[in-house]
Amino acid sequence: MREKAEQIFVSALEIDAKEDLKVFLDRACQGDDRVRAEVEDMLALRPQLEKMFPEGGVVFALTDDFVKASQSLE
Amino acid sequence: MSEITLVLEAIKRGERLASEQLLPLVYDKLRNLAAARMAQENAGQTLQPTALVHEAWLQLAGDGSRSWQNRAHFFGAAADAMRRILIDQARRKSRLKHGGGQSRLDVDDLEIAATTPDEDALRINEALEKLEREDPEQARIVVLKFFGGLTNEEVAENLGLSERTVYRQWVCAKARLFRLVRPLEENDQGQQSPV
């Protein structure tokens, strides 16, 4: 079930309009309420995921000092 | 072929001076990542990345006996080193915050305040250990992206996957990790509540 939910979740990420998303989920989940609940739960997490997993990784929340230091090595 | 790959191949062939050429190249890579990171509005937390990179370098270079198959292999190991250092540091800070450790930290102790707070990093690491048991490939992608800061393209090269697969696995891994972290947070809150 998890794999199916993840496949639907990834595809659903590309759909912006709420109505389109509903139509897509109706079709993709085929009446499977558990899969649908799983997908909707993952979709609801999106704003929190971006905060918890910043682009560039945890290591690279860097200061000017680092950029200056690394430039001095060139 | 990238310059880093050429240097790594030279190291593999046993050319001693090549090791000295690698560090500036790694710094350059990190600088580019840093510049991209800093362009984001919420960047600007304090840390001493130079110390972090030096510490990672010491772990990577060690006694010089390690060899690197290629660029992807090197950055994979770098991500592991970053993870160890950041998690060790977060554990130490957490112990101090909770009253452990009576002595002061060394002056040259790393001062790392990453975008995610230390305790978040610890919770993510704990959830990641669970994910490693359940789905090693997704977990590896998290290590490379979250701790190593690698791009999807670099992760794909590292793991021999397509970029599309890396993207799919990464977004799913984030959701799974978050859901693993949630019960951990609830447990933490439960432990802190008066019985």
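**Entry 1: two helices of chain A**

I began with a pair of helices in chain A, and I note that α1(A) and α3(A) are oblique to each other, because their angle falls in neither the roughly parallel, the roughly antiparallel nor the roughly perpendicular range. The model I am reading is a predicted one, and I keep that in mind through every entry below. For the angle itself I looked up the axes of helix α1 (residues 2-12) of chain A and helix α3 (residues 33-44) of chain A, which cross at roughly 45° and come within 9 Å. I also noted the hand of this crossing, which is right-handed for α1(A) and α3(A).

Next I asked myself which residues make the contact between these two helices. On the side of α1(A) I listed A:Lys4, A:Ala5, A:Ile8, A:Phe9 and A:Ala12, and on the side of α3(A) I listed A:Val35, A:Glu38, A:Val39, A:Met42 and A:Leu43. When I sorted the residues of this contact by class, I had eight nonpolar and two charged residues, with no polar residue in the contact of α1(A) with α3(A).

**Entry 2: chain A as a whole**

Stepping back, I recorded five helices and zero strands in chain A, and from the N terminus on I wrote the order of its elements as α-α-α-α-α. Chain A has 74 residues, and I noted that buried residues make up 27% of them.

I then looked up how confident the predictor is here, and found a mean pLDDT of 77 for chain A, with 72% of its residues reaching 70 or more. Which elements of chain A stand at the lowest and the highest mean pLDDT? The lowest, 40, belongs to helix α5 (residues 64-71) of chain A, while the highest, 95, belongs to helix α2 (residues 18-29) of chain A. I marked residues 59-74 of chain A in my notes, since over this stretch the pLDDT is below 50, although the model has 37 contacts for it beyond near neighbours in sequence.

**Entry 3: the loop between α2 and α3 of chain A**

I turned to A:Gln30, which is found in the loop between α2 and α3 of chain A. Its backbone caught my attention, for A:Gln30 has a positive phi of about 50° although it is not a glycine. Is A:Gln30 buried or exposed? I counted it as exposed, because it has 11 C-beta neighbours inside 10 Å and a residue with 12 or fewer is placed in that class.

In the loop between α2 and α3 of chain A I also looked up A:Asp32. With 15 C-beta neighbours inside 10 Å, A:Asp32 counts as partly exposed. I noted as well that A:Asp32 and A:Met1 are 31 residues apart along the chain, and that their C-alpha atoms are separated by 9.8 Å.

**Entry 4: chain B as a whole**

For chain B I recorded eight helices and zero strands, which read along the sequence as α-α-α-α-α-α-α-α. Of the 195 residues of chain B, 37% count as buried. Taking the contacts in chain B with a separation of 6 or more, I found that 69% are between residues 24 or more positions apart.

The mean pLDDT of chain B is 69, and 49% of its residues reach 70 or more. Over residues 33-47 of chain B the pLDDT is below 50, and I noted that this stretch has 32 contacts in the model beyond near neighbours in sequence. I marked residues 101-116 of chain B too, where pLDDT stays under 50 and where the model has 29 contacts beyond four places in sequence.

**Entry 5: places in chain B**

I looked up B:Asp80, which lies in helix α4 (residues 71-97) of chain B. B:Asp80 counts as partly exposed, with 18 C-beta neighbours inside 10 Å. How many residues apart in sequence are B:Asp80 and B:Gly148? They are 68 residues apart in sequence, and in space I noted 7.4 Å from C-alpha to C-alpha.

Lastly I examined helix α6 (residues 136-147) of chain B and helix α7 (residues 152-159) of chain B, whose axes come within 10 Å and cross at roughly 135°. That makes α6(B) oblique to α7(B), and their crossing is right-handed. The contact is made by B:Arg140, B:Ile141, B:Leu144 and B:Lys145 of α6(B) together with B:Val155, B:Asn158 and B:Leu159 of α7(B). By class I divided these residues into four nonpolar, one polar and two charged.

**Entry 6: the complex**

For the complex, I copied down the predictor's ipTM of 0.71 and pTM of 0.66.

Note on methods. Residues are numbered from 1 along each chain as its sequence is written. Chains are lettered from A and ligands numbered from 1 in the order in which they are written. This is a predicted model: local features need pLDDT of at least 70, side-chain atom pairs count only at pLDDT 80 or more; totals for chains, interfaces and linings use all residues. pLDDT is the predictor's confidence in each residue, from 0 to 100. Helices (H or I, at least four residues) and strands (E, at least two) are DSSP runs, numbered from the N terminus. Two residues are in contact if their C-beta atoms, placed from the backbone, lie within 7 Å. A residue is buried if 20 or more other C-beta atoms lie within 10 Å of its own, exposed if 12 or fewer, and partly exposed in between; C-beta atoms are placed from the backbone. Axes are lines fitted to C-alpha atoms, for helices over the stretch in contact, and angles run from 0 to 180 degrees between N-to-C directions. Angles under 35 degrees count as roughly parallel, over 145 as roughly antiparallel, 65 to 115 as roughly perpendicular and the rest as oblique. A crossing is left-handed if the near helix is turned anticlockwise from the far one by less than a right angle, and right-handed if clockwise. Ala, Val, Leu, Ile, Met, Phe, Trp, Tyr, Cys and Pro count as nonpolar, Asp, Glu, Lys and Arg as charged, and the others, Gly among them, as polar.
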